[in-house]
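Biologist: Please look closely at the charged side chains around one helix of this model, and then follow the chain from there to whatever packs against it. Give the distances and the accessibilities as you go.

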Amino acid sequence: FYIASAIYKSGQIEVLLEKGWVICDRYIYSTFAHHKVRGADLSLVSHLPKLPIRLPDFHFLVKAREDVRMERAQVRKGRTPQDLIPKKKGSLIEKMEQALEQFKPIIVDNTDPDPHVAVSKIMETLQISAPRRKK
């Protein structure tokens with residue numbers, strides 16, 4: 001189902017790319033990482049380049065120090081009980097990060113309280129100017 005969803009999204013991405021940049025959150029690598037952590041047979045991963053999916057030009061893994069992540073999870077609207085589980089060895093979030101790191105993402109530290117710091121790192125990688133902050 002999720003692979004079919006990614007294939008469908010890929011077609012939508014191709015159309016949108018004719019007009020400009022497209023930014024996707026939790027696209028194909030997250031789908032494979034989630035399935036790997038849940039124990040699915042991932043022989044399909046080796047065939048990823050053969051799937052009719054538009055692979056990203058860049059993919060990022062945005063992380064924060066665990067104490068900061070937990071503080072933010074406590075105040076986030078729409079949080080789930082799973083969001084409040086600390087990352088420990090063997091935890092779901094730790095396994096997800098390890099699975100995602102196997103796809104060699106660009107890792108961005110989002111520990112700084114100013115979100116513009118992480119956004120600027122991403123924009124720098126994309127070689128576009130970050131928008132100016134309002135004072």
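Modeller: In this predicted model, Glu 101 has a relative accessible area of 29%, so this residue is partly exposed. Its side chain forms a salt bridge with the side chain of Lys 63, with 2.8 Å from N to O. Glu 101 belongs to helix 4, whereas Lys 63 belongs to strand 1, residues 60-63, and the two are 38 residues apart, so that distant parts of the chain are linked by this pair. The partner, Lys 63, is also partly exposed, because its relative accessible area is 22%.

What other charged residue of helix 4 deserves a look? Glu 97 is found there too. With a relative accessibility of 14%, Glu 97 falls under the 20% limit and therefore counts as buried. Leaving out residues up to four places away in sequence, Glu 97 touches Leu 61, Lys 63 and Lys 87. Lys 63, the salt-bridge partner of Glu 101, is thus also on the contact list of Glu 97.

With Lys 87 the relation goes beyond contact. The side chains of Glu 97 and Lys 87 meet in a salt bridge, 3.0 Å from N to O. Glu 97 is in helix 4 and Lys 87 in the loop between helix 3 and helix 4, so this bridge ties together parts ten residues apart in sequence. The two side chains also satisfy the rule for a polar contact, at 3.0 Å. Their C-alpha atoms are separated by 10.0 Å. Lys 87 is partly exposed, because its relative accessibility is 25%; Glu 97, at 14%, is buried.

Taken as a group, Lys 63, Lys 87, Glu 97 and Glu 101 are linked in a network of salt bridges. How many salt bridges does the structure hold by this rule? The count comes to seven. Another of them lies between Glu 66 and Arg 69, where the closest N and O atoms are 2.8 Å apart. Both residues sit in helix 3, residues 66-75, and since they are three residues apart, about one helical turn separates them. Arg 69 has a relative accessibility of 16%, so this residue counts as buried.

Helix 4 also takes part in the nonpolar packing. The largest nonpolar core has 14 residues, and Tyr 27, Ile 28 and Ile 53 are those with the most contacts inside it. Two or more residues of this core come from each of helix 1 (2-17), helix 2 (28-37) and helix 4 (92-101). The largest share is that of helix 2, with four residues. For Tyr 27, the contacts beyond four places in sequence are Ala 6, Lys 9, Ser 10, Ile 13, Ile 53, Arg 54 and Pro 56.

Within helix 2, the residues Ile 28, Tyr 29, Thr 31, Phe 32 and Ala 33 are buried. Helix 1 and helix 4 are among the parts that cover the buried residues of helix 2. After helix 2 comes Gly 39, which has a positive phi, near 90°.

The next step is the aromatic rings. A pair of aromatic rings is described by the distance of the centres and the angle of the planes. Two such pairs are found in a search of the whole structure. In one, Tyr 29 and Phe 103, the ring centres are 4.9 Å apart and the planes stand at 45°, so the pair is tilted. Tyr 29 lies in helix 2 and Phe 103 in the loop between helix 4 and strand 2, so parts 74 residues apart in sequence are tied together. Tyr 29 is buried because its relative accessible area is 14%. The other pair is Phe 58 and Phe 60, with centres 6.4 Å apart and planes at 20°, so this pair is stacked. Phe 58 has a relative accessible area of 35% and is therefore partly exposed; Phe 60, at 26% relative accessibility, is partly exposed as well.

One residue remains in the loop between helix 4 and strand 2 (106-109), namely Lys 104. Phi of Lys 104 is near 55°, a positive value in a residue other than glycine. Is Lys 104 buried or exposed? Its relative accessible area is 67%, so Lys 104 is exposed.

Conventions. Residues are numbered from 1 along each chain as its sequence is written. This is a predicted model: local features need pLDDT of at least 70, side-chain atom pairs count only at pLDDT 80 or more; totals for chains, interfaces and linings use all residues. Side-chain values use heavy atoms; hydrogens and water are left out. A nonpolar core is a set of buried Ala, Val, Leu, Ile, Met, Phe, Trp, Tyr and Cys residues joined through side-chain atoms within 4.5 Å. Buried means under 20% relative accessible area, exposed over 50%, partly exposed in between (1.4 Å probe, protein chains only). Contact means heavy atoms within 4.5 Å. A polar contact is a pair of N or O atoms within 3.5 Å; within protein, one must be able to donate a hydrogen and the other to accept it, and residues adjacent in sequence count only if both atoms are side-chain atoms. A salt bridge is a side-chain nitrogen of Lys or Arg within 4 Å of a carboxyl oxygen of Asp or Glu. Rings of Phe, Tyr and Trp (its six-membered ring) pair if their centres lie within 6.5 Å; planes under 30 degrees apart count as stacked, over 60 as edge-to-face and the rest as tilted.
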